[in-house]
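Open your viewer and get ready to select a few residues at a time. We will walk from stop to stop, and at each one you can check what is there.

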Amino acid sequence: MLRKSLSFLLSHRIRILPSQSHAGASFSFSSSNTLNPCTSLEDQANENNQDSRPTETISIDRSGLYNPQDHFHKLSADSKLVKHLKSIIKFRGGPISIAEYMGEVLTNPNCGFYINRDVFGACGDFVTSPEVSQMFGEMVGVWTMCLWEQLGRPAKVNLVEFGPGRGTLMADLLRGSSKFVDFSKSLDIHLVECSPTLQKLQYDTLKCIDEAISEDNTATRTTTTLNGASVLWHADPEEVPSGLPTIIIAHEFYDALPIHQFQKTFRGWSEKMIDVSEDSSNFRFVLSPQPTPASLLYLRKRCEWADKEEIAKIEQIEVCPRAVELTHQIAKRISIDGGGALIIDYGKNEIISDSLQAIRKHKFVHILDDPGSADLSAYVDFAAIQHSAEEASENISVYGPITQSQLLGSLGINFRVEALLKNCTEEQAESLRTGYWRLVGDGESPFWDGTEEQRPIGMGNRYLAMAIVNKNQGIPIPFE
């Protein structure tokens, strides 16, 4: 049945849509209070010259984006969010963590970056894989159906997506699998989304309707006309009901979770924080002179998961407590209810050093430049995700990471693009080839005839995929 399903999905000519434990790692903290918490990083660097070390950072792929000119991040006029951030710092009497800054910038309920706007696609601030080609959602659909088969084809299953964006991935998944009636009937769809604006976009993309389920029309339920499944929205993953096997898709979700940054100094590890200048005109980075709760809890834990050698060779560390907590929740749910999670994001299978970046209108900008107007994201620490999942339960298994290219190739994207190319116009064929390269290619496309500025850049090796599943279900494809 599984092979038949795969063959049907990959060859069927549906219409082409427009692109839319290593213990013992050592580290130290300084209790010295001689370091001014409002001293800039530049001044502290000069002070630390007696113990200067070359800084090692991870490489951030800036292909297709413009590097901003260096500039002083003075704010010409305070926005509502800037005023809010300054008031927090003033109330605290000192700097805030980068994690708190990220949380406010991205998801502040009144003026967060994701809350009141559509940030995806060519007209937004960045493009994600589902917006590149329908084939991405279709291949994730293949993975989902295969896991459903491994679960024993349950009559009902929770299909959960974290951070669905416009809803494009889920729409392509449902549309591509709609011919498989038993699978479609089994789905209860749950979308974890805190933005009312994006919830409305997802409602429209999934072609949802509200149906009365009581005689007086006071109670309704939302369903998608793509396959008739019910759809519910949740602001937090813990709101998703338990009790059913659960399949979770987290695509480019972990990278937006708030991180803490730590910098090695001659005094030990210091947390990098954000403060305002003495005249309160602009934001700046500073180092904490004392151990912080994050350094005592999260940094210590991350270092326990690493080799001493790995810690010794880096000068900065990024830690994402929310990613660890979320993975713990996912693993617990899967161990009890059954199911699995597929996590796809850009990152590395090791400690992350210095990857935090800001993107506005497809261009890199400074992290502190006009907070709330740019997306903030950081590389995902897949090694930490694995450790967190394995510590949460003995009843789960973690597989990967593998590259996005390996994932999509093993799921059949090569056969899918060939089938689509047999039934399309030349313009559609060009779009398909471009989308295919961006999903699975590495670097610049070798077959591009357009301008160099628009040459497609492959994401196939930049993005990684990891699966977390219940041990009773066997190894998920294509992680054999």
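A disulfide is a pair of cysteine sulfur atoms within 2.5 Å. Keep in mind that you are looking at a predicted model. How many disulfides does the structure hold? Select the cysteines and you will find zero disulfides. Two cysteines to click on are Cys146, which is buried with a relative accessible area of 3%, and Cys303, which is buried at 0%.

**Stop 1: strand 7**

Now select residues 246-251, which make up strand 7. Is this strand enclosed or open? Six of its six residues are buried, so strand 7 is largely enclosed by the rest of the structure. Show the side chains next. In a regular strand, side chains alternate between the two faces of the sheet. You can follow that pattern here: Thr246, Ile248 and Ala250 point one way from strand 7, while Ile247, Ile249 and His251 point the other way. On both sides, these residues are buried.

**Stop 2: the neighbours of strand 7**

Which strands pair with strand 7? Add residues 157-162 to your selection: this is strand 2, which pairs with strand 7 in the parallel sense over five bridges. To see a matching position, click on Glu161, which stands opposite Ile249 in strand 7.

Then add residues 339-348, which form strand 12. Strand 12 runs parallel to strand 7, and six bridges join the two. Here the residue to look for is Ile344, the bridge partner of His251.

**Stop 3: strand 3**

Go back to strand 2 and step across to strand 3, residues 187-192. Strands 2 and 3 run parallel and are joined by six bridges. Click on Asn158 and you will see that it stands opposite Asp188 in strand 3.

Is strand 3 mostly covered or mostly open? It is mostly covered, with six of its six residues buried. Its side chains divide into two sets: Leu187, Ile189 and Leu191 point one way, and Asp188, His190 and Val192 point the other way.

From strand 3 you can take one further step, to strand 6 at residues 230-234. These two strands also run parallel, joined by five bridges. Select His190 and look in strand 6 for its bridge partner, Leu232.

**Stop 4: the rings**

Time to show the aromatic side chains. How many aromatic pairs does the structure hold? There are seven. One of them is Phe253 with Tyr254, an edge-to-face pair at 6.5 Å centre to centre, with 85° between the planes. Phe253 and Tyr254 are both buried. Add Phe162 to this selection too, since ring pairs link Phe162, Phe253 and Tyr254 into a cluster.

Another pair to select is Tyr346 with Tyr463, which is edge-to-face at 5.9 Å centre to centre, with 70° between the planes. Tyr346 lies in strand 12 and Tyr463 in strand 20 (residues 463-470), so this pair ties together parts that are 117 residues apart in sequence. Buried means under 20% relative accessible area. Tyr346, at 9%, is therefore buried, and Tyr463 counts as buried at 8%.

**Last stop: a charge over a ring**

Finally, select Lys272 and Phe285 together. What sits over the ring of Phe285? It is the charged end of Lys272, 4.5 Å from the centre of the ring.

How values were computed: Residues are numbered from 1 along each chain as its sequence is written. This is a predicted model: local features need pLDDT of at least 70, side-chain atom pairs count only at pLDDT 80 or more; totals for chains, interfaces and linings use all residues. Side-chain values use heavy atoms; hydrogens and water are left out. Buried means under 20% relative accessible area, exposed over 50%, partly exposed in between (1.4 Å probe, protein chains only). Helices (H or I, at least four residues) and strands (E, at least two) are DSSP runs, numbered from the N terminus. Two strands pair if DSSP finds at least two bridges between them. Rings of Phe, Tyr and Trp (its six-membered ring) pair if their centres lie within 6.5 Å; planes under 30 degrees apart count as stacked, over 60 as edge-to-face and the rest as tilted. A charge sits over a ring if NZ of Lys or CZ of Arg is within 6 Å of the ring centre and within 35 degrees of the ring normal.
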